[in-house]
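Good morning, and thank you for joining this session. I would like to walk you through a structure that is new to most of this group, beginning with one strand and working outwards.

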Amino acid sequence: MTPNLTAFLRHRLFWPVAILVGLLLLNLIFTDNFFHIEIKDGHLYGSLIDIFRFGAPLMLVAMGMTLVIATSGIDLSVGSVVAISGALACLQISELGDQNSTGGVLRAVGVALVLSLILGAWNGLLVAGIGIQPIIATLILMVAGRGLAQLITGGQIITVNSTSYKLIGGGYWLTLPFGIIIVAVVLLLTALLTRRLALGLLIESVGGNAEASRLAGIGSRAVLMTVYTFCALCAGIAGLMISSNVSSADGNNAGLWIELDAILAVVIGGTSLAGGRFSLSGTMLGALIIQTLTTTIYSIGVPPQTTLLFKALVVTIVCLLQSPAFRAKVFHRRRRPTGAPPVAEEKVSVTA
Amino acid sequence: MAEPAPVLRMRGIGKEFPGVKALDGVDFRLLPGEVHALMGENGAGKSTLIKVLTGVYEIDAGTIELGGRQVAFASPLAAQHAGISTVYQEVNLCTNLSVAENIFIGREPRRFGRIQWGEMRRRADELLGRLEIDIDVSAALSSYSLAIQQMVAIARAVDIDAQVLILDEPTSSLDASEVAQLFRVMRQLKEQGIAILFVSHFLDQIYEIADRMTILRNGKLVGEHLTSELSQVELVGKMIGRELAELEQLEGRPPAREGAPLVEAVDLGRTGAIEPFTLTIHEGEVVGLAGLLGSGRTEAARLLFGADHAGSGSVKIGGEQVGLRTPRAAIRNKIAFCSENRRAEGLIPELTVRENIILALQAARGWTRPIPRRKQDELVDKYITALNIRPANPDQLIRNLSGGNQQKVMLARWLILEPRLLILDEPTRGIDVGAKAEIQRLVAELSDGGMAVLFISAELEEVLRLSHKVGVLRDRRLIAEIDNDEGLTTDALTETIASGAAT
């Protein structure tokens, strides 16, 4: 194997990319014109665009989750924040005299995002200030948040009829779905903050060794507050997208289980749940893989009652492929047990 | 005396990690019934050789023969089944289980699938009895000292029909009587024909127990010698590959120094950690802290760095009252602290050497003001060269470096902050002679340059060699402050530590 090819195969994003390409090719076989993209009414249309469009909320939530997981934490409350943010925005818009007034919609969006920030700060306070384990601390908001969303919607599904609000999740701008643009902007901003500025180093340091980071003078509380707040903000934006796309807010079901998909996307993207090194691009690929999988399930006609099982199977395979230990076991010949024949012979079989 | 056939023979062993050639054509043999010391500086390849031998790593080149048969171990378990048992520096036992359970874990005597507790305790008793250790085997392992825990680990290793027993720095946390006890056990095992591979940084111990030694340097074999035929000076020369004269330059005492008071701690204390103490450190002064383990040395240092909250007292820096409530506050006041516990309180294992070095500086600047890449390269290159960090690759993950080099990276992290007071807690523990001398020389240089250093070490010679003033701690109390003049010797210092009174 040439060194270049080896380096390519060893790149940490090789397997996520390979899996994504594999899934897309599978669609190519089952769906006609899967890769076809056309411009209708000045908008881009096509299955690939749809994957991006429907995957946008997950990409946002997973982005926030990446930073939280990098600090060796976890945020289970993102699904509830999605519901609360959507519910609050829709409630305010539904109370507007003119639901299409830009000012009113902007105000509603602003209030929803501020509440998301507050919810994130609450999580951060529990984790960094009081020192509750992240899984428990965010579980509180995961459970209580659903109730809060119910309270806001009054137990009903609030429907709105606002073209301005519809733009966020269902609209287009410069031929592109607006959601994609939002994801791109947030991603760019996050990458800037973490990689061009030094936030990423501090996050990885806190996740790698919290006590050593404290002794190195890192304000780990501030770092934790920042990531939990940021994560909730991402979830809040995703909540706006989801509710805007269907022009309604459902406190019960909006963003249900999205935290698990987001965690999965982060893990598929190669960020360790133990914290430390994180990869934003990996997470984006992970989220796309999950969304492509969902699309694939519909396009290849998996019977509805077995979709979850099918998804679980694919995810298992993906995770196994990602694991170097598993690959070593399957793709190379098993190493021989004690007292086996000469090593020289074994070496040949390994390099071959 | 005719040599018996070696029980273990390794030939031409090679092992490469990304960017590092850890082992290169190393030969090694182990005779039955001998204690064989594996010598070398940090990073010489000792740990790698052991890991290769025990199946933790695969080898890239060479052969391993055990009892005349060629072997390749896929895992530590496979090596254990073949008769190679290892006891590591950090005891790998379950301290919450009983002694007997620890010895028989995974292979408990059973009848009809039920564990026979009585039988297990009886056999554990018998096994430890053979090593002349009489303890209650049904008590939790955590209720015994580290030395006993180590013996239990050895008992367990030996009971699995070991032909080869590897002891990787077993003595680094034992006191003198515990070491003697361990050596007694080792001699007994030797008589039973077990080959023991022994790694330690303490030369005196090597000369007391080892029959033969193999010396490595930079992943290459330097030679194999009988202990009786190689003097300590020759050994050190072979290990570090240069003359000892260089090391001895530092002999003699540092010249007395008249600087302005830099840090004045008044009645600084914390309940349960250290009694209130008063200590003044002058600019350019090296203050040594001496005392036994647990005497409060580290606790005193942590208060000065704000790592723990002080319950009482105050600190003045340059004459001004300051609050050192957090490490951040201490760093703002130009105080740096290199912890004795590198792994838990120093390294960020997943980050690179570069990132580990710039971490404290970046933290001090805040995340909104990143250090420009060019400045990073400049600083990192400078300290990699100055401290002779190997491998000299800033993008290597720090967990792939040897202990001594990791320690130098920790030093670099603090030195780039240009602190006024540098607190070093056991900076030379667990690292080899060469790196030790380099760090000692560095401390002397820094203090010449005007930096104050608080130097904590269990080795009194080292404290005496470097310090202008020695603070003696005993039972969590600073009992004496002695100027390091002609009258102070290690004996006098030992006396003070032991008697609790200044002489």
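**From one strand to two chains**

Strand S9 of chain B is covered on both of its faces: B:Val164, B:Ile166 and B:Asp168 on one side, and B:Leu165 and B:Leu167 on the other, are all buried. Put as a count, 5 of the 5 residues of S9(B) are buried. I should say at once that this is a predicted model. As a reminder, in a regular strand the side chains alternate between the two faces of the sheet.

Which strands pair with S9(B)? On one side, S6(B) runs parallel to S9(B), and 4 bridges join the two. Within that pairing, B:Ile84 stands opposite B:Val164. S9(B) also pairs in the parallel sense with S10(B), over 5 bridges, and here B:Leu167 stands opposite B:Phe198.

Let us widen the view to the whole sheet. It is an open sheet of 6 strands in chain B, in the order S6-S9-S10-S3-S11-S12, with mixed pairing. Its edge strands are S6 (84-87) and S12 (220-226), each of which pairs on one side only. On average, and ignoring direction, neighbouring strands of this sheet are turned by 20 degrees against each other. Further along the order, strand S3 (residues 35-39) and strand S10 (residues 195-199) of chain B pair in the parallel sense over 3 bridges; the bridge partner of B:His36 in S10(B) is B:Leu197.

Which helices lie on this sheet? Helix H5 (residues 146-159) of chain B lies across S6 and S9 of chain B, and runs at about 170 degrees to S6(B). Helix H8 (residues 232-240) of chain B packs on the sheet as well, touching S3, S11 and S12 of chain B, and its direction makes about 30 degrees with that of S11(B).

Chain B holds another sheet that deserves attention. Here 6 strands form an open sheet in the order S18-S19-S20-S15-S21-S22, again with mixed pairing. The edges are strand S18 (335-338) and strand S22 (477-483) of chain B, each pairing on one side only. Neighbouring strands are turned by 15 degrees against each other on average, direction ignored. Inside this sheet, strand S15 (residues 286-290) and strand S20 (residues 452-456) of chain B run parallel and are joined by 4 bridges, with B:Val453 in S20(B) as the bridge partner of B:Val286. Helix H18 (residues 490-499) of chain B lies across S15, S21 and S22 of chain B, running at about 30 degrees to S21(B).

How is chain B divided into domains? It has domain 1 (8-248), domain 2 (249-334 + 419-503) and domain 3 (344-418). The centres of domain 2 and domain 3 of chain B, taken over C-alpha atoms, are separated by 25 Å. Between these two domains, 9 residues of domain 2 of chain B are in contact with 9 residues of domain 3 of chain B. On the domain 2 side, the touching residues divide into 6 nonpolar, 1 polar and 2 charged.

I turn now to chain A, and to one helix in particular. Helix H12 (residues 258-268) of chain A has 10 of its 11 residues buried, so it is largely enclosed by the rest of the structure. What covers the buried residues of H12(A)? The cover includes helices H2 (14-30), H3 (47-70), H4 (78-94), H13 (280-299) and H14 (307-322) of chain A. Just after H12(A), A:Gly270 takes a positive phi of about 100 degrees.

Finally, let us bring the chains together. In all, 30 residues of chain A are in contact with 35 residues of chain B. On the chain A side, helices H9 (199-208), H10 (210-215) and H16 (343-351) each supply at least two residues, and the largest share, 6 residues, comes from H9(A). The residues of that side divide into 13 nonpolar, 9 polar and 8 charged.

The largest nonpolar core has 169 residues, of which A:Val61, A:Cys231, A:Cys234, B:Ile423 and B:Leu454 touch the most other members. Helix H11 (residues 220-246) of chain A gives the largest share of this core, 15 residues. A second, separate core of 73 residues includes B:Ile59, B:Ala79, B:Val87 and B:Val199.

Notes:
Residues numbered from 1 in each chain as written. Chains lettered and ligands numbered in written order. Predicted model: local features only at pLDDT ≥ 70, side-chain atom pairs only at ≥ 80, totals over all residues. Contact = placed C-beta atoms within 7 Å. Nonpolar A, V, L, I, M, F, W, Y, C, P; charged D, E, K, R; others polar. Core = buried A, V, L, I, M, F, W, Y, C linked by C-beta atoms within 7 Å. Buried ≥ 20, exposed ≤ 12 C-beta atoms within 10 Å, placed from the backbone. Pairing = 2+ DSSP bridges. Axes fitted to C-alpha atoms, helices over the stretch in contact; angles between N-to-C directions. Domains from an automatic or database assignment.
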